[in-house]
Amino acid sequence: MSAGAGPRAAVLRLAGGLVIAVAWEVAGRASTSLLLPSFLETMRALAALLTGGALWRALWASNQTLIAGFAAATALGIPLGLALGRWPNPARWADPYLNLLLVVPTTALVPILLIVGGAGFAARAAVVASFAVPVIVQCARAAVRQVDPRLLDAARAFGATPAQQWRTVRLPAALPSLLVAARLGLARAVEGMVVVELLLVAVGIGGLLLDFQGRFDAPSVYAVMLVVMAEAATLTVAGRALERRLSHVAVDRD
Amino acid sequence: MISIVGCRKTHRGDGRQPPVPVLDGVDLEVRPHEFVAVLGPSGCGKTTLLRILAGLEGWDSGEVRVHGRPVSGPGTDRALVFQDFALLPWATVTDNIAFGLELRGVARAERTAVANRLIDRVGLNGFARHYPHQLSGGMQQRVGLARALAVEPEILLLDEPFGSLDSLTRRGLQEDVLRLHHETRKTVLLVTHSVDEAARLGDRVVLLGPRPARVIETIETGLPRPRPDDIGSDRRFVALKEHLWNRLKALTSR
């Protein structure tokens, strides 16, 4: 995160956006391809989308999947990661599988998941969750491993029970990393949301994209992608802001 | 009060490293209200001895008793002050001091009142709402001391508490500890590798040999209580230091 966000940085960012827009416009006009609309065409399509109802209905449908999937991923991944980090010996057996999950492109697993679970809301949410879970588990595990053993000694010396050690030391110490886990998981969940709809179940945003593609309406396709990017960016920025706010009270930054 | 007879301990190796004998039959007796300084070369196992007394570690053979009962874990009658302070970085000075009370389920209002009294007592007025990283090392250790006093232990266990402080700060804290001992008459067991500190603070100095540690010599300092400010020029003090120095030198140059 660029901390030096003064008026100068804002001007620079705006200038950067302008350069991209102009280059896009020039490329779009020069090209005769149907698949590369110009910047202005895309903006017109975006305006039409934002004022119409289809985009919002699609966003609503997709985000329900996102929220449900992400909530499930967090509810499952954080306790699992914490447990694996706390008891590393049993965790050793899970290691190769977890690493595999982290490396394998989840996209490749989507068809299998849908064959098993069908194409309903729960199955889509499960796909979203499966995108987010591995990174959440790994981050949560690292978070609890990094807890300063001297603090745990102090807690034990003053008579903390195992439950109190979690509440007073492990969880507060892990909190900043758990927030990072959630933010990275959310980014992956957005990916999962788009992928499941594009690949297999044409509802929501994915359905909208396929629909526009079928009609060779390239400006609208690009406009929808911009909307998805904007949502992802907004979620990330919001996540970072929340992290900073909580870290401020929760952690020592020496 | 504290009675250790023939305490042996070997740190088990982890397969690659061979087991390391740490304590080789340590005998130590501490009377109520006494201030005993355990002096030994770095790495001789004196911290292990203190951790055993605090209930953080077990031992292999021999007897370790407090109030005649074998130590079986941390207890409310003992409080440990750590070399590296081990304060909770996300908690204020007040909350750190009240930590032990919180673990015992004391209500917030009451533990805050106790913390405030101790803040006054250890000279941290105006810093109640500060976080550890906003304090100097000396102030952090005052918090560590206050945290130990807050649980009203009969025995204070000090693990090289001033080792990481500059000499001026160290002297100030030593005087505070002397004053606290004089006022509260708590039993104090101090572990240190500083000849000056052992002689300056202890009623008795217990000299440990290099690892695996055994008690080489126990010396009644015979210095007056309360210690006068000019103890540094007292001939008995100077002679005691000289003697301890020579013994330590002989022990470590074998």
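Which residue just after α5(B) takes a positive phi? Keep that one in mind for a moment, everyone, and good morning. A quick reminder before we look around: this is a predicted model.

Now, back to my opening puzzle. The residue is Glu152(B), with a phi of about 50 degrees. The helix that comes just before Glu152(B) is α5(B), covering residues 137-150 of chain B. Helix α5(B) has 14 residues, and from its first C-alpha to its last it reaches 20 Å, close to the 20 Å expected at 1.5 Å a residue. As for its surroundings, 13 of the 14 residues of α5(B) are buried, so the helix is largely enclosed by the rest of the structure.

Let's stay with chain B and turn to its sheets. One is an open sheet of six strands, and if you trace along it you read β6-β7-β8-β3-β9-β10, with mixed pairing. At the edges sit β6 (78-81) and β10 (215-220) of chain B, each of which pairs on one side only. From one strand to the next, the twist averages 15 degrees. Let me zoom in on one of those edges. Strand β9(B), residues 204-208, runs antiparallel to β10(B), and five bridges join the two. If you'd like a pair to find on your screens, take Leu207(B), whose bridge partner in β10(B) is Glu217(B).

There is also an open sheet of four strands in chain B, in the order β2-β1-β4-β5, and here the pairing is antiparallel. Its edge strands are β2 (20-30) and β5 (69-70) of chain B, each pairing on one side only. Inside this sheet, β1(B) (residues 2-11) and β4(B) (residues 61-66) are joined by five bridges. Look for Ile2(B), which stands opposite Val66(B) in β4(B). Packed on this sheet is helix α1(B), residues 46-54, which touches β1, β2 and β4 of chain B. The direction of α1(B) makes about 115 degrees with that of β1(B).

Last stop, chain A. How do helices α1(A) and α2(A) pack? Helix α1(A) spans residues 7-30 and α2(A) residues 39-51; their axes are 7 Å apart, at an angle of about 105 degrees. Angles of 65 to 115 degrees count as roughly perpendicular, and α1(A) and α2(A) are therefore roughly perpendicular to each other. On the α1(A) side of the contact we have Ala21(A), Trp24(A), Glu25(A) and Arg29(A), and they meet Phe39(A), Leu40(A) and Thr42(A) in α2(A). Sorted by class, that contact has four nonpolar, one polar and two charged residues.

That's my tour. Thanks for listening, and I'm happy to go back to any of these views!

Note on methods
Residues numbered from 1 in each chain as written. Chains lettered and ligands numbered in written order. Predicted model: local features only at pLDDT ≥ 70, side-chain atom pairs only at ≥ 80, totals over all residues. Heavy atoms only, no water. Expected span 1.5 Å × (residues − 1). Buried < 20%, exposed > 50% of the residue type's maximum accessible area, 1.4 Å probe, protein only. Axes fitted to C-alpha atoms, helices over the stretch in contact; angles between N-to-C directions. Parallel < 35°, antiparallel > 145°, perpendicular 65-115°, else oblique. Contact = heavy atoms within 4.5 Å. Nonpolar A, V, L, I, M, F, W, Y, C, P; charged D, E, K, R; others polar. Pairing = 2+ DSSP bridges.
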